[in-house]
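This report is meant for a reader who meets the structure here for the first time. It moves from single residues to helix packing and then to the contact between chains.

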Amino acid sequence: MKLFSRFMPSSGMRQVPKSVTIHAVLLAYTVIALFPIVVVVINAFKERRAIFRDPLGLPDSSSFTLVGFEQVLLRSDFGLYSWNSLIVTIVAVGLVLLLGAMSAWALTEYKFKGNLLITFLFAMGIMIPIRLGTVSILSLMVNLNLVNTLTALVLVYIAQGLPLAVYILSEFVRTIPKELTEAARCDSVSEYKIFFCVILPLLKPAMATVAVFTMIPIWNDLWFPLILAPGEETRTITLGVQQFVGQYVTDWNSVLSALTLAIVPVLILYTIFSRQLIRGLTSGAVK
Amino acid sequence: MNPSNQHDEKKPFPWHLVFFLGPGLLIYVVFSVYPLLDTLVLSLYNEQQGQSHFVGLQNFITLITDDTWSQAFWNALGNNFTFFAIHMLVQNPIGLILAVLLSTPKLRLSGTYRTLIFMPTMLSVVIIGFVWQLLLSPIWGISEDFLYTIGLGQYFDAWLGKESSALITLAFISVWQFVGIPMMLIYATLLNIPDDIVDASVVDGANSLQTFWHIKLPLILPTIAMVSILTFVANFNAFELIYAVKGALAGPDFSTDLMGTFFYRTFFGFQLQQGSASMGAAVATLMFLIILVGVMLFLFFIQRRIQRFQF
C-alpha cells in the first residue's frame, strides 16, 4: 500500500499514507450507518431505567431484561404478522420468478405481432410506480371481494415485481446460445420441454438476483398492506410494527423490542444473502 | 385445443405463446396497467352520491386554483422538490465518494465496508423512521448528549417537531438510509472501467484527482444519471417515512407533506374532509405526469451531456 501511494504524486495528504485516510473515512461512515440500529437493538434488552441512564451501554446482569419482548408478544400477534409477511413474500416472489421467466422467454425467443408493444408495456412498469393506480386497485379488489386477503397483496406484488424481472431475465435469455434450443427443436422436443428442461435451469443465477430485488420491497412495503389488507388477520410485519409502535409509543421497552423483532430477521437474512445481492447489483444486471 | 380451427390457418395457433406469456401478462395488465389507465380516466370524473359524471379537467383546476386545495397541493409539491434536492445534493455525492473510496485498488476489508454500509437500505423505511424518531427524541436525549460531547450541544433542537426543520430532518434520515444504492451502482461501474485506461493516465502524469475528474467521472456519468432518475421516482413516490414518523397529517402544520401523503389524505380523507376517489385519482395523475416529465427531462438532458463525452 505504501509503495503504491509513493508512486502516485498525491496532492495534499502527503504526510498520512493514503490508505489510512481511506480506511478512516470508510470506517467513520460504517459507524454512522450502523450506530442507530445498534443503539436500538442493545437498548431493547435493557430495563427502562438503564435505557435512559446509559443509552450507549451494553445490557449487563443488573439491567438485562426481556420485558419489552414479552409485552410485544403479549399485546400483538407478531407470530401471525411474520407468518403473513412470509407467505405473501414467498408466494409473490415465487410467482414473479416463474411468470417472469416464462414471459421473458416468450418475448425474447418468439417473433410475433405485439411483441414490441408488450415489451414496452413491461418496460414502462420499471419506471412508473404501481401505487399511482391505487384508487383503481382498491375498487378492483373490492369488486373481486379480495379486500383483507393475502391474495390481494400477492396479486399486486406480482404485478409490481414482474417488469424488472422480465427485463433482467430477458437480458439473460439473450446470452443463451441459440444452438442449444435449435438442437432441441431438431430432435422435435416440445417448446414446453425446451423451456422447463433446458432454459429454466440455465436461468437460475439470474433468478436468484431477481429474487433478492423483488423480495426486499415486498417485505418492507407499508402502502398496500395499509390500504388493501389492514385487518388484524392479514396484517404484515411492517404494518404490524407500524400500528404497534403508534399505539404504545410511550412504552420504550415495547417499542424498542418491536423494532428489534422487525430488524433482526432481516439482518440475518441479509448477512446470508448479501453476497448474492451485491453480486447482482454489481454484475450489471440492473443497468 | 380446437383442431377444426387450426385447419383454416396456415400455422397452428401458437398455444405455447399463450401458455408462456398469458399468465404474467394477464396479472400485470389487470393489476398494474389497467388500474393506472383507469386512474387517469377516473381523474376526469366527479363522484357525487354514488353518481359519477364527466367533468373534464375540473378536478385539476380545483387542485391547482381552489383556495383550500391549491394551498395543500403546492405545499406538498414544493416540499417534494426540497426533499428531492436534498437527496441529489447530499445522498448522491456521498454515495459517489464512498464508491470511489471503495474502488481503491487492493483495499482491504472493502467487502465488509460495502456490506455494512448497505445494511440500512435493506430495512423497511417504516422501521428506520421509528429508529430515528427515538434517536432524535429530546426525551431520550441520545443525540443531545452526543452533540454535547463534540461541543455542539447548544445546536440541539427537537428537529422533527419544528416546522422549519422537520422536512429537512426527514430528508436526511432518508438520505442516511438510501446512500447505499448510489454507492453500489457507481461502485459497480467503477469496477468495470478497464485498468489500462486508468494506468495510461497515471503514466501520462495525471494525479489521482485528475484521473478521477478526466477519466473516471465521464465514464460513470450514465450511472449517475440513472441514480438520479431512480432517486427522482422514489422521492416523488415517497410516503412511508412521513406516514411512520409524522402520520398522514404530515405535521407540524403540513410542513412535511409530500405528494404521497397528500395523495393518501385526498383519497381516504382526514379529519373533517371526506375522502374522494376522483380527487385522489387526480392527485395520482399529477404524480404520474410529474414522474413522466422528470424521467423524460433526465433522459433528454443527460443523454446529450453523455454524448458529448463519448468520442
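Does Phe262(B) count as buried or exposed, and how many C-beta neighbours does Phe262(B) have inside 10 Å? The model is a predicted one, and in this model Phe262(B) counts as buried because 28 C-beta neighbours lie inside 10 Å, where 20 or more are needed for a residue to be called buried. Phe262(B) has its place in helix 13 of chain B, and, once its neighbours within four places in sequence are left aside, Phe262(B) is in contact with Ala72(B), Phe73(B), Ala76(B), Asp257(B) and Val283(B). One of these partners, Ala72(B), is 190 residues away from Phe262(B) along the chain, yet the two C-alpha atoms are separated by 7.7 Å.

**Further residues of the two chains**

In chain B, Ile128(B) lies in helix 6, which covers residues 125-135, and Ile128(B) counts as buried because 26 C-beta neighbours are found inside 10 Å. Leaving aside neighbours within four places in sequence, the contacts of Ile128(B) are with Pro120(B), Leu123(B), Ile173(B) and Gln177(B). In chain A, Leu153(A) belongs to helix 8 and is buried, with 27 other C-beta atoms within 10 Å; apart from neighbours within four places in sequence, Leu153(A) is in contact with Val88(A), Phe224(A), Pro225(A), Leu228(A) and Ala229(A).

Asp67(B) offers another setting, for Asp67(B) lies in helix 4 of chain B, residues 67-102, and counts as exposed because 6 C-beta neighbours lie inside 10 Å, where exposed residues have 12 or fewer.

The table gathers C-alpha to C-alpha separations for pairs of residues named above and their partners.

| Pair | Separation in sequence | C-alpha separation |
|---|---|---|
| Phe262(B) and Ala72(B) | 190 residues | 7.7 Å |
| Leu153(A) and Leu239(A) | 86 residues | 13 Å |
| Ile128(B) and Ala250(B) | 122 residues | 17 Å |
| Asp67(B) and Val55(B) | 12 residues | 19 Å |

**A loop in chain B**

Most residues other than glycine have a negative phi. Asp253(B), although it is not a glycine, has a positive phi of about 50 degrees, and Phe254(B), also a residue other than glycine, has a positive phi near 60 degrees. Asp253(B) is found in the loop between helix 12 (240-246) and helix 13 (259-268) of chain B, and Phe254(B) lies in the loop between helix 12 and helix 13 of chain B as well. With 11 C-beta neighbours inside 10 Å, Asp253(B) counts as exposed, whereas Phe254(B), with 18 other C-beta atoms within 10 Å, is partly exposed.

**Helix 8 of chain A and its partners**

How do helix 8 and helix 11 of chain A cross, and at roughly what angle? The axes of helix 8 (residues 150-175) and helix 11 (residues 204-220) of chain A come within 10 Å and cross at roughly 155 degrees, which means that helix 8 of chain A is roughly antiparallel to helix 11 of chain A. Helix 8 of chain A passes helix 11 of chain A in a right-handed crossing. On the side of helix 8 of chain A, the residues that make the contact include Tyr157(A), Gly161(A) and Leu164(A), and on the side of helix 11 of chain A they include Ala206(A), Thr209(A) and Phe213(A). The residues of this contact between helix 8 and helix 11 of chain A divide into 10 nonpolar, 3 polar and no charged.

Helix 8 of chain A also meets helix 2 (residues 15-42) of chain B, where the axes come within 8 Å and cross at roughly 105 degrees, and the two helices are therefore roughly perpendicular to each other. The contact is made by Leu155(A), Val156(A), Ile158(A), Ala159(A) and Leu162(A) of helix 8 of chain A, together with Gly24(B), Ile27(B), Tyr28(B), Phe31(B) and Ser32(B) of helix 2 of chain B. By class, this contact of helix 8 of chain A with helix 2 of chain B has 8 nonpolar, 2 polar and no charged residues.

**The two chains and the domains of chain A**

Taken over the chains, 68 residues of chain A are in contact with 65 residues of chain B. Helix 2 (residues 18-43) of chain A provides the largest share of the side of chain A that touches chain B, namely 11 residues, and the residues of that side divide into 51 nonpolar, 15 polar and 2 charged.

The domain assignment of chain A gives domain 1 (2-71) and domain 2 (77-247), and the C-alpha centres of domain 1 and domain 2 of chain A lie 37 Å apart.

Methods: Residues are numbered from 1 along each chain as its sequence is written. Chains are lettered from A and ligands numbered from 1 in the order in which they are written. This is a predicted model: local features need pLDDT of at least 70, side-chain atom pairs count only at pLDDT 80 or more; totals for chains, interfaces and linings use all residues. Axes are lines fitted to C-alpha atoms, for helices over the stretch in contact, and angles run from 0 to 180 degrees between N-to-C directions. Helices (H or I, at least four residues) and strands (E, at least two) are DSSP runs, numbered from the N terminus. Angles under 35 degrees count as roughly parallel, over 145 as roughly antiparallel, 65 to 115 as roughly perpendicular and the rest as oblique. A crossing is left-handed if the near helix is turned anticlockwise from the far one by less than a right angle, and right-handed if clockwise. Two residues are in contact if their C-beta atoms, placed from the backbone, lie within 7 Å. Ala, Val, Leu, Ile, Met, Phe, Trp, Tyr, Cys and Pro count as nonpolar, Asp, Glu, Lys and Arg as charged, and the others, Gly among them, as polar. Domain bounds come from an automatic or database domain assignment.
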